[in-house]
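The following exercises are to be worked through with the model in view. Each task is followed by a solution in steps.

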Amino acid sequence: MTAGPGQLRELLDAFQARFPFDPAMHPADETVVVRSPGRVNLIGEHTDYNDGFVLPLAIDREILLAGRRRQDETVRVFSLNMGDESAFPVNGVAAPAAAGEGKPGPPGGWSRYVEGVVWALREAGFAVGGFDAALVGNIPQGGGLSSSAALEVGVAVLIKELFGLELDPVATARLCQRAENEYVGVQCGIMDQFTVALGRQGHALLLDCRTLEYHYVPLPAQHVRLVVADTGVRRALASSEYNTRRRQCEEGVALLRRHLPDIRALRDVAPHSFEQLRDRLPEVLARRCGHVIYENARVLAAAASLANDNFTACGQLMYASHKSLRDEYAVSCRELDEMVEIARSVPGVYGARMTGAGFGGCVVSLVRADAVDALVAAIEAEYPKRTGKTPAVHVITPSAGAATVFKASGDALA
């Protein structure tokens, strides 16, 4: 479910209590509230940083942020989920050189993403001053549903509103990606931030990660639903394994370019060309590159299948994607594999696969609308038997992207 009136009221009460209006400190008693969704990727994993194609959607799990401008250049942010406050000067954030090398940026947990967005906006020449903000969310952290991108984009939209910045959604996504790459130190592609910024209700988004061309693909809720099941296995996205996969792809491109001099990234390599050259690569690099090359083809085929309401074909592509992520890219784990097999056993499930960077997180299933209850029951009954873990299962709806919910004075918020 979305963060409803109860969570919004909780946020506003906490914000007003934590950061009461002070005429000497705040230029106006106006609070801006922003909603920023998580995302799930239907198919197209580890293709985004290879200039490839992805088919994600924004979801009805979200972060809500409330904020007010300050007269000085101090940022104070309170997380209701963490029970933690972070404060820093806007002119004091700087990305370490090591972050660009795939190493974590400054310590600070969730607040690094806030700092990173402030840094990226100021680096791009935007005038960003101090502000007070509070946030609360219901996106599972570490579950592969992009809680970090939701926070980044939400902070960017909040700052845009507070300071009247001219910033469109595509530019917002680019700046938030830069924050995560260069400040936090995670070498992610553009998919997460782009989807959070440009999601559309009732639709998935077919995105070309090189050109940023995109179009929306309907997901008719009367025929098909999406079920996201959280394995309960957590992974740090900034772990060495994620950045190692990216380096392996870059090494593969360098070797393939000896035979295909015009390629810039793995998205430029056709499957038939790759098969002719597979033996020229070390085995591990061949498996990594093979996954990305064939995954790009699966994304385009899946989008075409959905456009024609061919859910069976789309589901088979999802199963093939998971097999490749497990065997070729080696980013699955036992719990993810078990969850996919449980889904496969339920009549009416078209397809299932791990979603997100891997090593834990969630499985997304494409399900016939009348089979949702059966799938949820099967997961809740079988998954604990197989893994000893209790799953969290969510039936999700494609959602709109990040946006301002409202602006109001303190009196109106009471």
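Two residues are in contact when heavy atoms of theirs lie within 4.5 Å. The model under study is a predicted one.

**Exercise 1. Contacts and setting of Arg257**

Task: Determine where Arg257 is found, how it is classed by accessibility, and which residues it touches beyond four places away in sequence.

Solution.
1. Arg257 is found in the loop that connects helix H6 (240–256) with helix H7 (271–277).
2. The relative accessibility of Arg257 is 34%. Partly exposed covers the range between 20% and 50%, so Arg257 counts as partly exposed.
3. With residues up to four places away in sequence set aside, Arg257 touches Ile263 and Arg264.
4. As for separation, Arg257 and Met318 stand 61 residues apart in sequence, and their C-alpha atoms are 29 Å apart in space.

**Exercise 2. Overall form of the chain**

Task: State the secondary structure content of the protein chain, and explain why the chain may be called as compact as a globular protein of its length.

Solution.
1. The protein chain contains twelve helices and twelve strands.
2. Its radius of gyration is 21 Å, and the globule rule gives 22 Å for 414 residues; the two values are close, so the chain is as compact as a globular protein of that length.
3. Along the principal axes, the C-alpha atoms fill a box of roughly 70 × 50 × 40 Å.
4. Of the 414 residues, 58% are buried.
5. Among contacts with a separation of 6 or more, 76% join residues 24 or more positions apart.
6. The chain exposes about 15700 Å², of which carbon and sulfur atoms supply 50%.
7. There are 42 positive and 49 negative side chains, and the centres of these two sets are 4 Å apart.

**Exercise 3. Helix H2**

Task: Compare the span of helix H2 (residues 111–123) with the expected value, and establish what covers its buried residues.

Solution.
1. H2 has 13 residues, and at 1.5 Å a residue it should span 18 Å. The expected span uses one less than the number of residues.
2. The end C-alpha atoms of H2 are 18 Å apart, in agreement with that expectation.
3. Eleven of the 13 residues are buried, so to speak of H2 as mostly covered is justified by the limit of under 20% relative accessible area.
4. Among the buried residues of H2 are Arg112, Tyr113, Glu115 and Trp119.
5. The cover over the buried residues includes strands E3 (74–79), E4 (84–89) and E5 (131–137), together with helices H3 (147–163) and H4 (169–184).
6. Just after H2, Gly125 adopts a positive phi of about 95 degrees.

**Exercise 4. Positive phi outside glycine**

Task: For His46 and Ala330, give phi, the location and the accessibility class.

Solution.
1. His46 is not a glycine, yet its phi is positive, near 65 degrees.
2. His46 belongs to the loop between strand E1 (30–43) and strand E2 (53–69). At 4% relative accessibility, His46 counts as buried.
3. Ala330, likewise not a glycine, has a positive phi of about 55 degrees.
4. Ala330 lies in the loop between H9 and helix H10 (334–344). Its relative accessible area is 28%, and Ala330 is therefore partly exposed.

**Exercise 5. Ala320**

Task: Place Ala320 in the secondary structure and give its distance from Ala352.

Solution.
1. Ala320 lies in helix H9 (residues 311–327).
2. With a relative accessibility of 32%, Ala320 counts as partly exposed.
3. Ala320 and Ala352 are 32 residues apart in sequence, with their C-alpha atoms 9.2 Å apart in space.

Notes: Residues numbered from 1 in each chain as written. Predicted model: local features only at pLDDT ≥ 70, side-chain atom pairs only at ≥ 80, totals over all residues. Heavy atoms only, no water. Helix = DSSP H or I, 4+ residues; strand = E, 2+ residues; numbered from the N terminus. Rg over C-alpha atoms; globule rule 2.2 N^0.38 Å. Buried < 20%, exposed > 50% of the residue type's maximum accessible area, 1.4 Å probe, protein only. Areas by Shrake-Rupley, 256 points an atom, 1.4 Å probe, with all protein chains shown as cover. Lys, Arg positive; Asp, Glu negative; His and termini not counted. Charge placed at Lys NZ, Arg CZ, Asp CG, Glu CD.
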